[in-house]
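Got the viewer open? Let's take a walk through this one, a stop at a time.

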There are 2 protein chains.
Amino acid sequence: MASRSTQILEAAARVIARRGVRGLRVEELAAEAGVSTALIYYHFKDRTGVLRQTLEFISDRAERYTAGRAPGDPPLTPREELEGALLLELQDTAEVRENSSAWGELRASAVFDEVLREDLARATLDWVQEVAALLGRVVPMAPASSLASSAERLTALLEGLSMRWLSGGVRLHHARDLLLGAVDAELSALRQG
Amino acid sequence: MASRSTQILEAAARVIARRGVRGLRVEELAAEAGVSTALIYYHFKDRTGVLRQTLEFISDRAERYTAGRAPGDPPLTPREELEGALLLELQDTAEVRENSSAWGELRASAVFDEVLREDLARATLDWVQEVAALLGRVVPMAPASSLASSAERLTALLEGLSMRWLSGGVRLHHARDLLLGAVDAELSALRQG
């Protein structure tokens with residue numbers, strides 16, 4: 001069973017995905033989570049504390065998305081692992097939609113409000129380094145700086161495509177194809193040095 | 001001198017860039033623009049009318065960004081034109097910051113609210129086709145569908161990088177380098193068919 005603080009963070013992610021960061025008021029969060037406002041202040045100190053912990057919660061949750069592979073499936077090649085890890089963010093499930101909407105909102109809110117910038121930068125860096133590691137398994141001879149740049153581009157593209165998909169500007173299948181095309185182009189460039 | 005409706009749209013872009021789409025109330029817009037609410041309703045019918053016209057205003061304004069070229073400068077190569085057109089969106093000027101922040105907010109609001117989706121899709125398509133035309137001048141033998149896919153990727157990447165830059169996640173100079181790297185990778189892929 002989820003702890004009380006996890007229950008509050010789950011509710012916060014739902015509220016942000018539905019109504020945006022500005023729509024998150026502690027009173028409404030308490031109602032959504034079915035707890036008292038006092039408990040929220042006890043666990044997170046203030047609204048900023050809630051936002052920072054929700055950002056971390058959302059990043060962690062994205063790392064646990066599954067691609068629906070069965071235990072007996074053959075092992076993936078490094079390239080399949082890379083593509084799979086990126087495509088996990090472009091899946092039409094309630095969890096991915098909610099998580100990506102909330103992430104986009106937290107990112108957008110940092111344009112106006114400096115409080116989340118450092119946490120966002122840290123979460124983005126973790127993600128970039130994870131993708132750079134996967135790219136390095138596909139093209140081990142590529143310099144680390146080139147792998148990092150490719151990873152920055154692929155993750156920024158994924159954020160851009162994800163927002164287009166969630167805002168109805170591109171179909172999911174097409175967004176996935178566009179992303180795979182970028183993986184192709186980046187891998188060719190890495191191989192050519 | 002700007003017409004009254006342009007004056008209102010300029011104020012709307014400022015308000016959205018500063019406080020987000022949800023922060024745009026007709027009363028506050030009237031105060032910011034220095035006009036009566038009646039005049040806003042007269043020109044735009046309702047708040048949705050304001051949002052739709054502001055989106056168009058922002059798209060048009062982005063097309064008029066200049067790269068500070070003097071009349072006597074030598075003509076650009078097709079590749080320089082392509083890179084120049086994309087890099088215009090990553091400039092540290094008040095106008096670009098305001099325009100890009102407002103665009104990001106309008107895009108994010110369409111995740112929750114369907115009303116802007118069609119206008120956003122139209123503005124995005126215009127932009128994609130313009131970039132595809134510039135790509136086609138660099139690689140005229142590439143199929144139109146490949147040019148369109150490259151243009152979709154480059155513009156989605158630009159949106160992603162722009163949000164990272166505006167939210168403090170990446171330095172401007174580095175965002176520009178990452179974008180130029182993507183242009184390189186896309187052009188190589190287009191040339192190899």
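Start by selecting Arg79(A): is Arg79(A) buried, partly exposed or exposed? With a relative accessible area of 25%, Arg79(A) is partly exposed (buried is under 20%, exposed over 50%, partly exposed in between, using a 1.4 Å probe and protein chains only).

Before moving on, some ground rules. This is a predicted model, where local features need pLDDT of at least 70 and side-chain atom pairs count only at pLDDT 80 or more, while totals for chains, interfaces and linings use all residues. Residues are numbered from 1 along each chain as its sequence is written, chains are lettered from A and ligands numbered from 1 in the order written, and side-chain values use heavy atoms, with hydrogens and water left out.

Now add Glu83(A), whose side chain meets that of Arg79(A) in a salt bridge at 3.0 Å, N to O (a side-chain nitrogen of Lys or Arg within 4 Å of a carboxyl oxygen of Asp or Glu). The two sit 4 residues apart in helix 5 (residues 78-87) of chain A, so about one helical turn separates them (helices are DSSP runs of H or I, at least four residues, numbered from the N terminus). Glu83(A) counts as buried, at 18% relative accessibility.

Next, pick Glu118(A) and Arg122(A) in helix 7 (residues 117-138) of chain A. Their side chains form a salt bridge at 3.5 Å, N to O. Glu118(A) is exposed at 58%, whereas Arg122(A) is partly exposed at 43%.

Hop over to chain B and select Glu81(B) and Arg137(B), paired in a salt bridge at 3.1 Å, N to O. This pair links distant parts of the chain, helix 5 and helix 7 of chain B, 56 residues apart.

Last stop: the interface. Show the 40 residues of chain B that are in contact with 40 residues of chain A (contact means heavy atoms within 4.5 Å). Zoom in on Glu159(A) and Arg164(B), whose side chains meet in a salt bridge at 2.8 Å, N to O. Then colour helix 8 of chain B, which gives the largest share of the side of chain B that touches chain A, 12 residues.

Finally, try superposing the copies. Chain B can be laid on chain A with an RMSD of 0.0 Å by a turn of 180° and a shift of 0.0 Å along the axis (a least-squares fit on C-alpha atoms of residues with pLDDT of at least 70 in both). The two copies are thus related as by a two-fold rotation axis.
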